[in-house]
Amino acid sequence: MQTIEELIETASHDMFNPELNFKIAVEYEKIGQTSSAISFYLRAAEYGYETHPLIVYTSLIRVSYCAQDQSGREHTLENSLLQAVTYMPTRPEAYFVLSRHYERTKRYQACYTFAELGLKQIARDEPLPIDVEYWGTYCLEFEKAVSAYWIGRKDETYEILNRLKDLNLPEHYKKSIYANLSIL
């Protein structure tokens, strides 16, 4: 595996290579240099727009994660996710990350809307080049259930959470499901 310095040296001879820019962005994000990571993710998205759709899509989602770690970048976070949704509207990942963002910022109608849209657009495409914290439809269903409660759809929340609790899900989801059920 190449170091960031080696990747940058290679990229200096091939500046418009979306794969190289993406690799550099990933490495910067790993070491917590999120401003640099955003810059390289945006380069990857720009240079790969016509040729590397998964890199473009994943880069736009990862920009949102990097922006989340910086104060005053809420617009960048939301805008990058909306761009990802627009770029590949049949993939569920950006809908999920956007829905979760709206849930965390207590914008429950938007959370519900994007969870519902994501559930309608689930494509069985090839996996993304790196993790974006979307592990299956249950992620969107959970966001829909939580937001449904806050927009006056308590019965729907109860129904979804009861269905989810019987699935084989990661422990942190199970805990959240039971915690939400206990307040209903």
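Which residues of helix 3 are buried? In this predicted model, the buried positions of helix 3 are Thr34, Ala37, Ile38, Phe40, Tyr41, Ala44 and Ala45. These buried residues pack against two other elements, helix 2 (18-30) and helix 4 (53-68).

The length of helix 3 can be checked against its residue count. Helix 3 covers residues 34-47, that is 14 residues, and at 1.5 Å a residue it should span 20 Å. The C-alpha atoms at its ends are 20 Å apart, so the expected span and the model agree.

As for the whole fold, the protein chain has 10 helices and 0 strands. Its pattern along the sequence is α-α-α-α-α-α-α-α-α-α. The radius of gyration is 18 Å, close to the 16 Å that the globule rule gives for 184 residues, so the protein chain is as compact as a globular protein of that length. Along the principal axes, its C-alpha atoms fill a box of roughly 60 × 30 × 30 Å.

Some overall values for the protein chain follow.

| Property of the protein chain | Value |
|---|---|
| Residues that count as buried, of 184 residues | 49% |
| Contacts with a separation of 6 or more that join residues 24 or more positions apart | 56% |
| Exposed area | about 9700 Å² |
| Share of the exposed area supplied by carbon and sulfur atoms | 51% |

Charge is the last topic. The protein chain carries 19 positive and 26 negative charges. The mean position of the positive charges lies 8 Å from that of the negative charges.

Technical notes
Residues are numbered from 1 along each chain as its sequence is written. This is a predicted model: local features need pLDDT of at least 70, side-chain atom pairs count only at pLDDT 80 or more; totals for chains, interfaces and linings use all residues. Side-chain values use heavy atoms; hydrogens and water are left out. Helices (H or I, at least four residues) and strands (E, at least two) are DSSP runs, numbered from the N terminus. The radius of gyration is taken over C-alpha atoms; the globule rule is 2.2 Å times the number of residues to the power 0.38. Buried means under 20% relative accessible area, exposed over 50%, partly exposed in between (1.4 Å probe, protein chains only). Contact means heavy atoms within 4.5 Å. Accessible areas come from the Shrake-Rupley method with a 1.4 Å probe; for residues, only the protein chains shown count as cover. Lys and Arg count as positive and Asp and Glu as negative; His and the chain ends are not counted. The place of a charge is taken as NZ of Lys, CZ of Arg, CG of Asp or CD of Glu. The expected span of a helix is 1.5 Å times one less than its number of residues.
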